[in-house]
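This report describes one protein chain and the ligand written with it. Please look at the sequence and the structure first, then read on.

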Amino acid sequence: MNRQSDPHSMIQAPSGAGITEGYMPGFGNDFETEALPGALPEGMNSPQRCNYGLYGEQLSGTAFTDVRHERTWCYRIRPSVKHSGRYQRIDLPYWHSAPHIPQDVTSLGQYRWDPVPHTDQDLTWLTGMRTMTTAGDVNTQVGMASHIYLVTASMQDAYFYSADSELLVVPQEGRLRFCTELGIIDVAPQEIAILPRGLVYRVEVLDGPCRGFVCENYGAKFELPGRGPIGANCMANPRDFKAPVAAFEDREVPSTLTIKWCGQFHETAIGHSPLDVVAWHGNYAPLKYDLKTYCPVGAILFDHPDPSIFTVLTAPSGQPGVANIDFVLFRERWMVAEDTFRPPWYHKNIMSELMGNIYGQYDAKPKGFVPGGMSLHNMMLPHGPDKNAFEGASSADLKPQKLDNTMSFMFETRFPQHLTQFAAQEAPLQDDYIDCWTDIEKKFDGSPGKK
Ligand SMILES: O=C(O)Cc1cc(O)ccc1O
Ligand SMILES: [Fe+2]
């Protein structure tokens, strides 16, 4: 448990009182934090009257009847119904939800994209979101969408929440600030942010332009994978996930709140900032995580394990062992395996693999898969090292080798991922991607021996 109650750490934000900065460690911890001393009720959730005239409100991320609960109690200036009104449907033409299978687009193939370039438009978190793929069904809360964000402008007096999804944000360029109901999270490349379903926030540009990847998870929340025989240590350690301390805004200005709900976007006008939670306690909170704290475990004698050893987070599907989404990280590590083809093997997979490059070079694709770029190898579509990677790795001197200058990730999904029109027609799709396998030679000549 963490109790943060240090009025001296308050920063006077231009917008008014009550902004604090700081984080509390621990994945899934039951946190407690207050931006004003005594704002949290002691020993109970719903006192007859709350201190400071605050309203108590519960935010539930799990069903009331679930076996484990994710929920947070908020003590706020106004209850959320006051941050609500008549909704008006709005159009965000580049942000799509599953099922979304455009007629003139096929997703059967191996695809790779160069980084989606910035434009000269001012784009916010909402207008700069570009859906690349969708899988499953947002209405039945299964599957996901992947997006690229291109953000150059802060949201001003504008707020957002997704009732549809939890967002996993993977910055690749620039720094963003998520001012949320539960506190402030800053993220830079090589870090991630996790924004739970239903949480209201505003996104500011700290250092632009900003580009990155988003996994929009329609299903159960991401959790740490069971480590099984690996034991209690390594991979992603719970203490490296950080939740923000409470921070609030007491701002009365005309504002808008946009809601993503069953794939549609609606806007409502309100007269104040909805980021008015003065104190909270619970385990349903936004998090940040530094990917450099991920401790990879791998092959220390021979062979190449399944990439699941690099799972950072997994979003369960309800079927044990089969994830709705796995978030997998390929970062710097030592390669030491003897008599082994060290890069990923050739394979077909029942899961669908969307990859993004955060920086550097990926071992199976030394060229062409560049920082900011993406690739998609959908369900049961063959892929693996390109010709050069194969030749290099099959004749390499197998000394211990540090794979340096590399950080890529995979959103590996249970359901096939369908390209949007943007991904197929507007984004810089590499038409010649599959040629990287064209020159792979037939080496078999009927005679035994390694070739
Ligand atoms: O296709 C890829 O590059 C991702 C991947 C990496 C790996 O080490 C093993 C399997 C796999 O799908
Ligand atoms: Fe793969």
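## Overall shape

Of the 451 residues in the protein chain, 43% count as buried. A residue is called buried if 20 or more other C-beta atoms lie within 10 Å of its own, exposed if 12 or fewer do, and partly exposed in between, with C-beta atoms placed from the backbone. The model is predicted: local features need pLDDT of at least 70, side-chain atom pairs count only at pLDDT 80 or more, and totals for chains, interfaces and linings use all residues. Residues are numbered from 1 along each chain as its sequence is written, while chains are lettered from A and ligands numbered from 1 in the order in which they are written.

The protein chain has two helices and 27 strands. Helices (H or I, at least four residues) and strands (E, at least two) are DSSP runs, numbered from the N terminus. The radius of gyration of the protein chain is 23 Å, close to the 22 Å from the globule rule for 451 residues, so the chain is as compact as a globular protein of that length. This radius is taken over C-alpha atoms, and the globule rule is 2.2 Å times the number of residues to the power 0.38. Along its principal axes, the C-alpha trace spans about 85 × 50 × 40 Å.

## Two annotated domains

UniProt, in an unreviewed entry, lists "domain: Homogentisate 1,2-dioxygenase N-terminal" for residues 23–291. The same kind of record gives "domain: Homogentisate 1,2-dioxygenase C-terminal" for residues 293–444. UniProt positions are in the numbering used here, feature names are shortened, and annotations may be inferred rather than shown by experiment. The make-up of each range is as follows.

| Residues | Helix | Strand | Distance between end C-alpha atoms |
|---|---|---|---|
| 23–291 | 0% | 45% | 16 Å |
| 293–444 | 10% | 31% | 44 Å |

## Strands in the N-terminal range

Strand E20 (residues 277–282) is mostly covered, with six of its six residues buried. Strand E5 (residues 31–34) pairs with E20 in the antiparallel sense over four bridges; two strands pair if DSSP finds at least two bridges between them. Strand E7 (residues 71–76) is also antiparallel to E20 and is joined to it by five bridges. His281 in E20 is the bridge partner of Glu32, and Trp73 stands opposite His281 as well.

Strand E12 (residues 158–162) is mostly covered too, with four of its five residues buried. E12 and strand E18 (residues 255–261) run parallel and are joined by five bridges. Across this pair, Tyr161 stands opposite Ile259.

Ile148 lies in strand E11 (residues 142–151). Ile148 counts as buried because it has 24 C-beta neighbours inside 10 Å. From Ile148 to Gly212 there are 64 residues in sequence, but the C-alpha atoms are 5.7 Å apart in space.

## A six-strand sheet and the ligand

Six strands form an open sheet in the order E9-E25-E24-E26-E23-E22, with antiparallel pairing. Its edge strands, E9 (110–113) and E22 (311–316), each pair on one side only. Within the sheet, strand E24 (residues 352–360) and strand E26 (residues 401–413) pair over eight bridges in the antiparallel sense. Tyr359 stands opposite Met407 in E26.

Which residues surround ligand 1? They are Pro307, Pro344, His347, Asn349, Glu353, Ala364, His377, His383 and Met410. A residue is near a molecule if its C-beta atom, placed from the backbone, lies within 6 Å of it. By class, this shell has four nonpolar, four polar and one charged residues. Ala, Val, Leu, Ile, Met, Phe, Trp, Tyr, Cys and Pro count as nonpolar, Asp, Glu, Lys and Arg as charged, and the others, Gly among them, as polar.

UniProt lists His304 as "active site" in an unreviewed entry. His304 is in the loop between strand E21 (287–290) and E22, and it is partly exposed, with 16 other C-beta atoms within 10 Å.

## Backbone exceptions

Most residues other than glycine have a negative phi, and most peptide bonds are trans. Tyr52 has a positive phi near 65°. Asn405, in strand E26, has a positive phi of about 55°; Asn405 counts as exposed, with 9 C-beta neighbours inside 10 Å. The peptide bond from Ala98 to Pro99 is cis, with omega near -5°, and the bond from Gly208 to Pro209 is cis with omega near -5°.
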